Amino acid sequence: MVNNEEVIEELKKIVKQKGLKYTEQREIVLNILINATDHLSAEEVYNEIKNQYKESNIGIATVYRALSFLEEVDLITSITFGTDGKKYESNAKSHHDHLICTSCGKIVEFLDDEIEKRQDRIAKKNKFKITSHSMQLYGTCETCSK
Ligand SMILES: [Zn+2]
Ligand SMILES: [Zn+2]
């Protein structure tokens, strides 16, 4: 797990490298996701900003732009569900995989030692060096299966 300040420093470095102007909006969006205990949709990020940063004047379009930027530079990850549902989480969280309900968007995180080890073995057998992986299992949750 990385601490919040390091992640914000990383963002500042990336923005500088890309020759972009530093804007507070991206930092606020990233902060919301770093501190979130759950995976958030763009609307939920927007609502959190309205609650936590009352003076800021960030519109939903800016939130969408900030989210795509942060995903592009690999500071956050999005999880897709249903036809156009999307939820985001900070990459500063420790590694885990996901069970995703395609009906209501519920997301369950899990980490399974056997699966992790098996992936390493498969990679080794194929002379692959793993740099990252994501596993998303899609289906319906208990409530939606009824
Ligand atoms: Zn569901
Ligand atoms: Zn997650």
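**Two zinc sites and their surroundings**

Visitor: Start with His96. Which residues does His96 touch, leaving out those up to four places away in sequence?
Guide: In this predicted model, His96 touches His39, Glu89, Glu109, Phe110 and Leu111.

Visitor: Where is His96 found?
Guide: His96 is in the loop between β2 (85-90) and β3.

Visitor: Buried or exposed, this His96?
Guide: His96 is buried, because its relative accessibility is 14% and the limit for buried is under 20%.

Visitor: What does the side chain of His96 reach?
Guide: The backbone oxygen of Ser94, at 2.9 Å. The side chains of His96 and His98 are also joined by a polar contact of 3.1 Å.

Visitor: On to the metal. What are the protein donors of the zinc ion (ligand 2)?
Guide: His96 is one of them, through NE2. His39 and His98 also donate through NE2. Glu89 is listed with OE twice, and Glu109 with OE. These donors lie 2.0 to 2.6 Å from the zinc ion (ligand 2).

Visitor: What is the geometry of that site, the one of the zinc ion (ligand 2)?
Guide: Irregular. There are six donor atoms, and the angles among them run from 52 to 162 degrees.

Visitor: How are the donor residues of the zinc ion (ligand 2) spaced in sequence?
Guide: The spacing is H-x49-E-x6-H-x1-H-x10-E. Within that set, His98 lies in strand β3 and Glu109 in strand β4 (residues 107-110), so this pair ties together parts that are eleven residues apart in sequence.

Visitor: Are those two buried or exposed? Take His98 to begin with.
Guide: His98 is buried, at 4% relative accessibility. Glu109 is partly exposed, with a relative accessible area of 34%.

Visitor: Now the zinc ion (ligand 1). What are the protein donors there?
Guide: Cysteine sulfurs: Cys101 (SG), Cys104 (SG), Cys141 (SG) and Cys144 (SG). They lie 2.3 to 2.4 Å from the zinc ion (ligand 1).

Visitor: And what is the site of the zinc ion (ligand 1) in terms of angles?
Guide: Tetrahedral, with angles of 104 to 114 degrees among the four donor atoms.

Visitor: How are the donor residues of the zinc ion (ligand 1) spaced?
Guide: As C-x2-C-x36-C-x2-C in sequence. Cys101 and Cys141 link distant parts of the chain, 40 residues apart. Cys101 is in strand β3 (residues 97-101), while Cys141 is in the loop between β5 (136-139) and α6 (142-145).

Visitor: Why does Cys141 count as buried?
Guide: Because its relative accessibility is 13%, and buried means under 20%. Cys101 is also buried, at 2%.

Visitor: What about Thr140? Where does Thr140 lie?
Guide: In the loop between β5 and α6. Thr140 is partly exposed, with a relative accessible area of 47%.

Visitor: What does Thr140 touch, not counting residues up to four places away in sequence?
Guide: Cys101, Thr102, Ser103 and Ser145. With Ser145 there is a polar contact, side chain to side chain, at 3.1 Å. Thr140 and Leu99 are 41 residues apart in sequence, and their C-alpha atoms are 9.0 Å apart.

Visitor: Change of topic: rings. How many aromatic pairs does a search of the whole structure find?
Guide: Zero.

Visitor: And charges over rings? Which ring does the charged end of Lys12 sit over?
Guide: The ring of Tyr22, 5.7 Å from its centre. Arg26 lies over the face of Phe69, at 4.3 Å from the ring centre.

Visitor: Backbone next. What is the phi of Asp74?
Guide: Positive, about 70 degrees, although Asp74 is not a glycine. Most residues other than glycine have a negative phi. Asp74 sits in the loop between α4 (60-72) and β1 (76-81). It is exposed, at 55% relative accessibility.

Visitor: And what is the phi of Lys127?
Guide: Also positive, about 55 degrees, and Lys127 is not a glycine. Lys127 lies in the loop between α5 (113-125) and β5. Its relative accessibility is 78%, so Lys127 counts as exposed.

Visitor: Last stop, Glu6. Where does Glu6 lie?
Guide: In helix α1 (residues 4-17). Glu6 is partly exposed, at 46% relative accessibility. Its C-alpha atom is 11 Å from that of Ile34, and the two residues are 28 residues apart along the chain.

Note on methods
Residues numbered from 1 in each chain as written. Chains lettered and ligands numbered in written order. Predicted model: local features only at pLDDT ≥ 70, side-chain atom pairs only at ≥ 80, totals over all residues. Heavy atoms only, no water. Donors = N, O, S within 2.8 Å, 3.2 Å for Na, K, Ca; no water. Tetrahedral: all angles 85-135°; square planar, octahedral: opposite > 155°, others 65-115°. Helix = DSSP H or I, 4+ residues; strand = E, 2+ residues; numbered from the N terminus. Buried < 20%, exposed > 50% of the residue type's maximum accessible area, 1.4 Å probe, protein only. Phe/Tyr/Trp six-rings, centres within 6.5 Å; stacked < 30°, edge-to-face > 60°. Lys NZ or Arg CZ within 6 Å of the ring centre and 35° of its normal. Contact = heavy atoms within 4.5 Å. Polar contact = N/O pair within 3.5 Å; in protein donor to acceptor, adjacent residues only side chain to side chain.
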